[in-house]
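Visitor: I would like to learn how to read a protein model. Can you take me through one, feature by feature?

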Amino acid sequence: MSLLQVDNISRDFGSLVAVSGVSMAVEPGELRAVIGPNGAGKTTFFNLISGLLPPTSGRIVFDGKDITNLLPARRVWRGIARTFQVTEIFPELTVRENLRIPVEGAAGYRLRPWLSREVAQEMAARVSGLMDMGGLREKADRLVGELPHGDQRATEIMMSLALKPRLLLLDEPTAGMGDQETYDITRLIRRLHREQKLTIVLIEHDMRVVFHLADRIMVLAEGAVLAEGTPDEIARNEGVQAAYLGKAA
Amino acid sequence: MGQINNKLAANAIVWLLLLTAPFWMHWVGGYTELGSRVLVMALAAMALNFLLGFTGVLSFGHAAYFGLGAYGAAMTIKYLVPSTPLAILVGVLVGTAAAAIIGTLIVKLRGVYFAMVTIAFGQVFYFITFRWNTVTGGDDGLTNWTRVPIDLGFTKLDILHNPELFYYFILFFFALSVALMTILLRSPFGRTLLAIRENERRARFLGIPVERHIWLSFTISCFFVSIAGALYALLNNFVDPRALYWGLSGNFVIMAVLGGMRSFWGPLVGAVIFVVLQDYVSSMTQNWESFIGLLFVLIVLFFPRGVLGIVRRKVAS
Ligand SMILES: Nc1ncnc2c1ncn2[C@@H]1O[C@H](COP(=O)(O)OP(=O)(O)O)[C@@H](O)[C@H]1O
Ligand SMILES: [Mg+2]
């Protein structure tokens, strides 16, 4: 059974149809890339899956249950975590605090007025583990807002991972990054996919990254699915080349 | 490490000054009741700042719950039982219950809209006390009652006639409230509030039920402000509708911003400046309001982090 199944979903903004009848099924453990030119509706598609926007029509099923009308926080509780195209973090808190909030939240301590010593240590250990994984150890007590763009992106990804998600949505994680940072993030995503078997849907404009990582690729253009298949199939697809890859290469 | 030591030192200084205030106040031209007033206003401003500084939500209607605490306490003594502890209890219950109900109606609003609706609800309570003459005394206020000495069994605390004792009585509630706020702000729950202040969208997409937590923060904040209100009525042995007026809500905001709303002790510093200035300046000029207004504008323009924000930067560099 698919972990995520999107059925014929659409979203209008006034007369603009940003997403038009898109369907997608993502299997457990799959890494799916979503590509397409600017304005194709990729981010809007994520907004529908994560609950930031309600769809105009269509249905979203996660782990066999209809989540079309659930509030965003409840989708998070079901296991859907996301990052944003424009980084969303807590700028005036330290890296450690940025990670501590989702770690404690995922452990069910959101309303706790205090934690026992053991639990606090356990939480701190989880935060440390995440900082190590994201290469943020040296910056643990710096304010995130003062760190370079790459570290902010890494922090946001680690915050999402802190939720122990079953599905991770990444919206252009390498946007605005240099070569080294892009390489680091790519390696991190690959590790999450290969070692932790995390199910990931990735919007990405860097084709090297996409073809390196993806199990399957979905191409959006003007809100609709232009093509869908393995990286090889997509590379050979003439419609995609004409509409998109030709320009990007 | 240095930062932690600074914090400890700051806490030690604050508590030392507060504990010894009745002994040195008159040397600097103060008097004990002025110290008591500072404590009450500081508690109100810190309560407001729980919401403003640590949740990022601006309320311009906190005087309503301050005033309900005050009327609750005063009316209990005047009409029900001559007991100071019971008066405080009733005042706090009334203020907190009203906040919990109003809170459910406004948690979806943000920014200016939230602030404006809190003013509107606050004014509703103001007009009720203003108009309901027979019970509240209307414009003249609720008079002919006083706080009642406390009988502990083995000894009697005459908080009515001994101003120093009453100062420590207020300090006791202040310390209790501050301890509770500290615990809350350092807890996982407190961190969810910071998360909402920092970035509501991120908070939501980390699974924090933002509305529920803002409601909790608002209600907790009003719980503490109604404690301040109850103490305020007891301090004056009097309460009138100005205790609920939105101008007073504005004063709480000014105190928090003046002192520094990102610092835990900021509103206390703001309250000291505000109450002491009010005391001195209003005895010299009629234009007290414009004076504090001008000071406020200057602080916001040049030191957006408030007085403690400046001190902190000096210490850090
Ligand atoms: N909240 C919104 N209100 C109005 N129009 C929007 C909104 N979000 C996206 N759009 C429009 O929908 C289209 C798709 O945008 P988006 O999903 O961001 O594309 P992509 O992520 O593929 O670049 C664009 O034309 C964009 O201007
Ligand atoms: Mg986009």
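Visitor: How many helices and strands are there in chain B?

Guide: Keep in mind that this model is predicted. Chain B has 14 helices and 2 strands.

Visitor: What does the radius of gyration of chain B agree with?

Guide: Set it against a rule for globules. A compact globule of 317 residues would come near 20 Å, and chain B has 19 Å, so the two agree. For the outline, take a box along the principal axes: the C-alpha atoms of chain B fill roughly 55 × 45 × 45 Å.

Visitor: How many of the residues of chain B count as buried?

Guide: Here the cut-off is under 20% relative accessible area. By that test, 52% of the 317 residues are buried. The accessible surface of chain B is about 14400 Å², and carbon and sulfur atoms hold 69% of that.

Visitor: Which contacts should I look at within chain B?

Guide: Take those with a separation of 6 or more. In chain B, 76% of them join residues 24 or more positions apart.

Visitor: Where do the charges come in?

Guide: Compare their mean positions. Chain B has 21 positive and 12 negative charges, and the two means lie 16 Å apart.

Visitor: How many residues of chain B are in contact with chain A?

Guide: Count both sides. On chain B there are 26, and they touch 32 residues of chain A. About 2400 Å² is buried between the chains, 65% of it from carbon and sulfur atoms. Within chain B, Arg202(B), Phe205(B) and Leu206(B) lose the most area to chain A. Together they give 31% of what that side buries.

Definitions and conventions: Residues numbered from 1 in each chain as written. Chains lettered and ligands numbered in written order. Predicted model: local features only at pLDDT ≥ 70, side-chain atom pairs only at ≥ 80, totals over all residues. Heavy atoms only, no water. Helix = DSSP H or I, 4+ residues; strand = E, 2+ residues; numbered from the N terminus. Rg over C-alpha atoms; globule rule 2.2 N^0.38 Å. Buried < 20%, exposed > 50% of the residue type's maximum accessible area, 1.4 Å probe, protein only. Contact = heavy atoms within 4.5 Å. Areas by Shrake-Rupley, 256 points an atom, 1.4 Å probe, with all protein chains shown as cover. Lys, Arg positive; Asp, Glu negative; His and termini not counted. Charge placed at Lys NZ, Arg CZ, Asp CG, Glu CD. Buried area = accessible area lost by both parts, 1.4 Å probe.
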